[in-house]
Protein chains: 2
Amino acid sequence: MDIEILTIGTELLLGFTIDTNGAEIAQAVAAIGGQVVRRTSVGDEPELIRSGVAEALARTGLVITTGGLGPTRDDITKDIVAEVFEAPLEFQGEIWQQLVQRFERMGRKAPESNRSQAFVPRGATVLRNQWGTAPGLWLEGARGTAILLPGVPGEMRQLLKHEVIPRLMARATGTVVRSATIRTTGIAESALAQRLGNIEAELAPLSLAYLPSLPGVDLRLTAWSLAPDDADRRLDAGSRRLRELAGEFVYGKGDEDLAALLLDRARSRKQKLAVAESCTGGLVGGRITAIPGSSEVFLGGVIAYEDAVKLRDLAVSADTIAAHGAVSEEVARAMAAGVARRFGADLAIAVTGIAGPDGGTAAKPVGLVWMATSVAGAVESFSYVFPGAREEVRARATQWALFQLLKRIK
Amino acid sequence: MDIEILTIGTELLLGFTIDTNGAEIAQAVAAIGGQVVRRTSVGDEPELIRSGVAEALARTGLVITTGGLGPTRDDITKDIVAEVFEAPLEFQGEIWQQLVQRFERMGRKAPESNRSQAFVPRGATVLRNQWGTAPGLWLEGARGTAILLPGVPGEMRQLLKHEVIPRLMARATGTVVRSATIRTTGIAESALAQRLGNIEAELAPLSLAYLPSLPGVDLRLTAWSLAPDDADRRLDAGSRRLRELAGEFVYGKGDEDLAALLLDRARSRKQKLAVAESCTGGLVGGRITAIPGSSEVFLGGVIAYEDAVKLRDLAVSADTIAAHGAVSEEVARAMAAGVARRFGADLAIAVTGIAGPDGGTAAKPVGLVWMATSVAGAVESFSYVFPGAREEVRARATQWALFQLLKRIK
C-alpha cells in the first residue's frame, strides 16, 4: 500500500510553521504496513493543489491531504479535489446542524461562513470531526482514493486515528513496516560505518539508516512489508548483529535515554551520584534531573565555572591549576574526587573543557574536554576533542561523560 | 524567483524525523523576496530522487535539496543529481585534504569512506562546509540550477546562510519579504492577544503572527513584497507599537536570548552571578553558560537536589525546610541569599519546585515553582504554577527566573 501525503497551506511554504502532520501520518501508515513514498507541500492555490492531487493519484492511487478545509476564503482543498473527482458539491443539512449545535454548546451562533463546511462532494464519505468544525472526507473514484483531513494538528490526529487508519487497515495486506533502533555514542558516523563494513547485504531485506545527531549516531533497521512475525524475527537478529559490531559504543535501543539508563543502573546498585561541571555549566545535572525519579539517585552538584569555586568547593589545589591549567586531566580528576567526597557520593562525573568559540590554543584547541568519573573512590579520566560549535561541544561532552560512567557500572 | 525544496531521506517518510530544514530554507528564501512554491520529500531511492529533481527543475528551474551527501552507502543525492545534469564525478584532492585536516585537528585519521565526499560533479561550484564533512554543491545547466545541501540541520543552516543566500540574492527582484520579532515571556498567548486587541487592522499591510513556544510568545510582524526601505520603516513603526502594548512582558527582539541579555546587563554593571538550583537541576546554569563569554559574569552555582545540599552549601536551615517544605517561598529566598553569600555574588537566582510527574499535592500541585532573585543582598521571591510536562515546567521556570532577574537590573 503506497501512499502520498499532500500538505496544503501557504504558511508551510513560508517556513514559519513546521509540518508535523506529515510525520504523524507517515508513522501511523507505516504501523499498518503502508508506505509513504512521497510528501509534498503546496500553497493554497487552485492549480498547485489540483496538480499535487492529480500527480499523487497517478503515481500511487492513494493520497492523504491535510489543510484547506476551514471556513475561510483560502480554504479551497475540497472544491479542487471535488473537481478532480468530477463530483459536484452538495449541501448536507445534517453536517450544518452538527455545526450549529457545536457553536450552541459554546454559547455562540454558528457564523454563516461555516456553511461552506457543510458542502460535500457527491458520493464522498464524511469523516465526522468531533474535535473541530471541518469534517474529513474520503473520496473514491476511477483515479483512486483521496482522503482529506483538516490541517489543525489536534483535529488531524484524532480523525487519522479514529476514522482513517481503521478504514485503511481493511485494505492492508497483512504485512507491516517496523523499525528497531540501536543507539550509539562516542563514535563518528563514518567511523561507525567503517566498523560495520558491508553489513547492508547481510541485513537485507532489512534496510539500515545511520542517524547522526548531537547525542550520537542511531542505527535504524527497518523491515518493509513483511508479515509481523517475520519482521520481528529479522529485526531481533539484525539488532543483535549490529550490537555485536558496534560493540562498546552501543548504549541503548529504541528511544532510551542515556541519563535514564545510568540512573537505572545506579539505582539497582543503590549508589548515589553527584556532578562537578565547568564548561557544561549545569547541562549534566540538567540531563540527569530531566528523568522523573532522579532524586532517588542524584544528590546534586557544583557548577564550578570560576576557578575559585573549584578550589573552595571541590578541593582542587591551586598548585594543580597553576601547573596544568583548569582544562587538564589533573583538574578533572580532582574535581571528580572532590565532589564525590563533598557530597558523600558513590558515583561522580566531572567535566572541564574549552567550549569555544574563544579560549583555544594550539596545545588545547577549542573542543578539548577533560572528563573524569569516580566509582567508589576510584577515578578514571579521559579527554576528547569534540567537533562543532559551543553548544555542540557542550552537549557532546555531556553525553560522553554520562556514557563513560554508565560503562563503568554496567 | 520561484524555488522548490526537495528533502531527501527515507527517515523523513517514516515519520521519525521532523523536517525542519525545509522550514528554515523557506524562511531564508522569503527574506530575500523569493518564494518556495513546493516542498517535496522522497526516500533515498535513485528513481525517486531523479524524478523529484527533474520535476522540480521542469517547474521552476531552481531546486534546493537537503540530505544524502554523507559518507555512507545510502547517501546518493550527489550521484543522482550529477546524472540529471550529465556531469561526471571528479575527485578533488583539495576537498579530500580539507577532510583529512579536519580529522587530524581532532587527532584522528580520516576514514576511507569519507573519500566519496571529495567527488564533485564536473562544473559544479563547491560550497565549502566548515561545520561538517559534506560540502554543499551548486550545479547550473540547461535544465536549471540545483543546490545540494547536507541534511544535518546545523550544517545546512550555516551553508544556507554563508554560501547559498548571498548567491541567490544576486538573482532577487528588488522587493523583499522581511520580518521583525518582538519576544515576550510570562504571559499566555490568549492573554497577550487580548492585551493587543484588534491591532491587525492598524498594522496592515504588515501581518502579525503569535508564535508560542516554551520560552514565551514571540510576536512576528511580516512585510510582504515591499521595497526594502518601506518594509523597514513599517516594521520599525509596527514593532514600536507592539512593544508599547505588550509592555513589561517584552524582553527582547529578533532572536535575542534572555540569558545573553541578562549577562550583558550584569557585565555593564560589573556584577557577578551565581545560581542555586533544585528542580531545574542545572538548567539555569546551562542556559547562562551557553552564552560565549559568560565566564566574565558567571561564577557558578550549587545544584541542591537533595535537601542535605541545601543545608550544607546554601545555609538553608533545617527548621525552614521542616516548617515550610523544600518547595516554599522561605526556602527559595534562603537559597538565593545563601548562594550569593557563599559565592560572593552580587546577583543570584534560586529555583525550587515540583516538576512532576509525581510529588504534587492539593496545596502544592505539580508545576508549582518558587523562585527568588538576589540583587546586592536584597532578595525578591515569586511563584508560578507552570503548565505542561516535566521538561516544560523546568524550561519555563528557567526562563521565568532569568526574566525576573533581568527586570530587576534593567
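I will go through the domains of chain A, the contact between chains A and B, and one helix beside that contact. Keep in mind that this is a predicted model.

Domains to begin with. The assignment splits chain A into domain 1, residues 2-169, domain 2, residues 176-253, and domain 3, residues 258-409. Between the C-alpha centres of domain 1 and domain 2 of chain A there are 36 Å.

Now the contact between the chains. Chain A puts in 63 residues, and chain B puts in 63 residues. On the chain B side, the elements that each supply at least two residues are α1 (10-14), α2 (21-31), β2 (35-42), α11 (283-289), β14 (298-304) and α15 (390-409). Sorted by class, that side of chain B has 29 nonpolar, 21 polar and 13 charged residues.

One of those elements, β14 of chain B, pairs with a strand across the contact. Strand β14 of chain A, residues 298-304, is joined to β14(B) by five bridges, and the two run antiparallel. To place that on the structure, look at G300(A): its bridge partner in β14(B) is A304(B).

Next, helix α12 of chain A, residues 307-314. Which residues of this helix are buried? They are V309(A), K310(A), D313(A) and L314(A), so the list includes a lysine and an aspartate. Viewed down the axis of α12(A), the buried residues fall within an arc of 105°, and therefore they line one face of the helix.

What covers those buried residues? From chain A, the cover includes β13 (273-277), β14, α13 (318-324) and α14 (329-343), and β14 of chain B is also part of it. After α12(A) comes A315(A), with a positive phi near 55°.

Terms used
Residues are numbered from 1 along each chain as its sequence is written. Chains are lettered from A and ligands numbered from 1 in the order in which they are written. This is a predicted model: local features need pLDDT of at least 70, side-chain atom pairs count only at pLDDT 80 or more; totals for chains, interfaces and linings use all residues. Domain bounds come from an automatic or database domain assignment. Two residues are in contact if their C-beta atoms, placed from the backbone, lie within 7 Å. Helices (H or I, at least four residues) and strands (E, at least two) are DSSP runs, numbered from the N terminus. Ala, Val, Leu, Ile, Met, Phe, Trp, Tyr, Cys and Pro count as nonpolar, Asp, Glu, Lys and Arg as charged, and the others, Gly among them, as polar. Two strands pair if DSSP finds at least two bridges between them. A residue is buried if 20 or more other C-beta atoms lie within 10 Å of its own, exposed if 12 or fewer, and partly exposed in between; C-beta atoms are placed from the backbone. The arc is that of the directions from the helix axis to the C-beta atoms.
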